[in-house]
Amino acid sequence: MLVRSDILTAADGASVAVENETAGGDILLICEHASSTLPERAGDLGLEAEALKSHIAWDPGALVVARLMASELDGTLVYQRFSRLIYDCNRPPDSPAAMPETSEIYRIPGNEDLSTAERYARTAALYVPFHDRIAEIVAERVATGRPPVLVTVHTFTPVYFGKPRAVEIGILHDEDSRLADGMLSAVGADPPHRVERNQPYGPADGVTHSLKLHALPNGLMNVMIEVRNDLVRDDAGQQRVAAYLCRLLREGLTA
Ligand SMILES: [Zn+2]
């Protein structure tokens with residue numbers, strides 16, 4: 001049987017990272033697409049350097065924004081240390097999008113015709129430890145009477161298949177829209193950003209996997225946040241967006 005070491009070397013380190021684990025606040029931030037790093041043994045998956053640094057590999061700015069939010073809200077942050085090109089942790093193992101053969105305009109040669117053994121090894125190395133860790137944290141907190149509020153943080157590309165996207169911040173939800181409804185109410189009449197529900201995509205596109213895995217079965221308040229990545233390209237933008245999202249979250253939770 002293949003083991004995790006077939007994908008990750010000792011130099012790669014663990015696939016999952018947890019920050020501020022003993023946080024006093026209730027927010028549990030999750031960042032599935034935090035990193036563009038590929039495990040050493042994955043090579044370049046047959047992609048050019050430009051593609052390996054692009055939004056197909058990760059969500060630029062998402063980890064920084066999630067960290068700022070964790071700091072302001074005294075929340076815990078769990079993130080995946082490797083690129084979604086090797087395994088997209090916001091997709092279940094049986095989804096073709098978990099180890100995509102194409103992403104937007106790019107072919108990913110290193111993901112074509114993967115054997116069952118290779119798929120299993122990637123799942124065991126990247127997906128299972130990530131979601132196990134989140135499940136452990138959720139279970140511990142539920143057991144001690146402080147169920148977390150699950151918030152996943154993502155960014156999206158301003159231009160997709162050549163088409164510009166006008167939405168700036170997406171507030172996404174699956175069947176449980178309590179927190180999303182509260183946050184959207186908090187947006188108000190004259191918002192600094194164009195904020196929309198379930199945009200630029202929604203649950204029908206399979207993007208709410210982490211919410212469905214951890215929040216819905218436990219009845220946790222939950223939301224998925226998508227930020228257009230041109231808004232969080234520099235420090236000032238990251239600070240501004242993180243502060244705005246923290247305000248929406250706080251108001252959304254008390255709505
Ligand atoms: Zn994402």
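## A helix under cover

What covers the buried residues of α4? In this predicted model, the cover includes the strands β6 (149–156), β9 (169–172), β10 (195–197) and β11 (222–228), along with helix α6 (235–254).

Helix α4 runs over residues 178–187, and 7 of its 10 residues are buried, so the rest of the structure largely encloses it. If you want to find those buried residues, look for Leu-179, Ala-180, Gly-182, Met-183, Leu-184, Ala-186 and Val-187. Right after the helix comes Gly-188, which takes a positive phi of about 75°.

## Two nonpolar cores

Now for the cores. The largest nonpolar core has 39 residues, and the ones touching the most other members are Leu-47, Leu-85, Leu-126 and Leu-150. Four elements give two or more residues to this core: β2 (27–31), α1 (49–52), α3 (116–143) and α5 (209–215). Helix α3 gives the most, with 8 residues.

Take Leu-126 as an example. Setting aside neighbours within four places in sequence, Leu-126 is in contact with Ile-7, Leu-8, Ser-15, Gln-80, Phe-82, Ile-86, Tyr-87 and Cys-89. Another core, of 38 residues, lies apart from the largest one; among its members are Ala-62, Leu-73, Val-151 and Ile-171.

## Holding a zinc ion

Which protein donors does the zinc ion have? They are His-33 (ND1), Asp-59 (OD) and His-154 (ND1), lying 2.0 to 2.1 Å from the ion. Along the chain, the donors follow the spacing H-x25-D-x94-H.

The two histidines link distant parts of the chain, sitting 121 residues apart. His-33 is in the loop between β2 and α1, while His-154 belongs to strand β6. Both His-33 and His-154 are buried.

Key. Residues numbered from 1 in each chain as written. Predicted model: local features only at pLDDT ≥ 70, side-chain atom pairs only at ≥ 80, totals over all residues. Heavy atoms only, no water. Buried < 20%, exposed > 50% of the residue type's maximum accessible area, 1.4 Å probe, protein only. Contact = heavy atoms within 4.5 Å. Core = buried A, V, L, I, M, F, W, Y, C linked by side-chain atoms within 4.5 Å. Donors = N, O, S within 2.8 Å, 3.2 Å for Na, K, Ca; no water.
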